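Colleague: Please take a close look at one part of this model, the surroundings of the ligand. What lies around the ligand, and which parts of the chain supply it?

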Amino acid sequence: MPRHHQVVVRPRIATHSTVLPLLFGCLLVSCSRPEAADDDGLWQRERQAMVDVLRQGGIEDPRVLAAMGKVRRHVYIPPSFRKHGAAYGDHPWPIGHDQTISQPFIVAYMTQKLGPVAGGKVLEIGTGSGYQAAVLAELGARVYTIEIIPQLAEHARRALAAEGYADAVHVLAGDGYKGWPAHAPFDAIIVTCAPEEIPQALVDQLKEGGRMILPLGSTRESQRLVILKKVGGKAQQTEDLPVRFVPMVKGKGR
Ligand code: SAH
């Protein structure tokens, strides 16, 4: 029973039909209310509660839990969508342009599956809010991230710089299907939008022994996380959980 974008199927997760009215209701509220007061103590308590939920949900890697306890998720949500009680909830949340910041559990799960990234070069396709990139940077990765919607790329770039990640994270506005050859090869690649097939350019830009994690599927109903390891120049892939991500948009010129 997968629900709206970027959701891992877990027993305690609400269904598609229960989430849509919730998101809609919150959007109405956020339009009629100014940005919630920037009470750092309250955000911090909400962030700690989120980490407790992740731990209870099975996230075990202490480095991932520490990074998620440190990165200020709410600042990656544009002010008009930012809201106490929701920014740290275990669900995706709107960030404008019909896109969402991923559910905290899926961010933690994919980051954990990617393995240690400290000191490595990581390519992310689908910057969105910039939150996943910040978590990877907090873990010590040098992050190269590509977003196809220019306004989101710009928002993420600013938020990441304001949070001190300007040197660690490089944001490119463009089509991530082709990867970022100028900075290849990458130790790891994380894709947060779903292509119909694994983009060969990304496999080519992965280091020997490197790992890639991506949601794969031609329809939202059929998507699964795929974990790929490059061994002897070839991709070895394993299927993981069913998920729902936004499709990878086909950019101009392909
Ligand atoms: N990782 C993000 C959430 C990603 S939502 C976060 O932490 O907030 C998926 C994003 O992928 C959307 O912002 C969407 O615009 C972007 N996207 C879709 N197709 C793309 C493509 N071909 N290249 C780059 N980004 C793409």
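Modeller: What follows describes the ligand site and then the hairpin that leads into one of its strands. The model is predicted, and the values below are computed from it.

The ligand is surrounded by 28 residues, of which Ser129, Glu147, Asp175, Gly176 and Val249 come nearest. By type, the shell divides into 12 nonpolar, 12 polar and 4 charged residues.

Three polar contacts can be named. The side chain of Ser129 has an N or O atom 2.6 Å from an oxygen atom of the ligand. Gln132 uses its backbone instead, with an N or O atom 3.0 Å from a ligand oxygen. The backbone of Ile148 also places an N or O atom 3.2 Å from a nitrogen atom of the ligand. On its own the ligand has 580 Å² of accessible area, and the protein covers 99% of that. The space that the ligand takes is the largest pocket.

As for the elements, β2 (99–101), β3 (121–125), α5 (131–138) and β4 (142–147) each supply at least two residues of the shell. The largest share comes from β2, with 3 residues.

That strand is part of a hairpin. β1, residues 93–96, pairs with β2 in the antiparallel sense over 3 bridges. Within this pairing, Pro94 has Thr100 of β2 as its bridge partner. There are 2 residues between the strands of the hairpin, and His97 takes a positive phi near 55 degrees.

Notes: Residues numbered from 1 in each chain as written. Predicted model: local features only at pLDDT ≥ 70, side-chain atom pairs only at ≥ 80, totals over all residues. Heavy atoms only, no water. Near = heavy atom within 4 Å. Polar contact = N/O pair within 3.5 Å; in protein donor to acceptor, adjacent residues only side chain to side chain. Areas by Shrake-Rupley, 256 points an atom, 1.4 Å probe, with all protein chains shown as cover. 1 Å grid on protein atoms, 1.4 Å probe; cavity = no way out; pocket = protein on both sides within 12 Å on 5 of 7 lines; lining within 4 Å. Sits in = over half its atoms within 2 Å of the grid points. Helix = DSSP H or I, 4+ residues; strand = E, 2+ residues; numbered from the N terminus. Nonpolar A, V, L, I, M, F, W, Y, C, P; charged D, E, K, R; others polar. Pairing = 2+ DSSP bridges.
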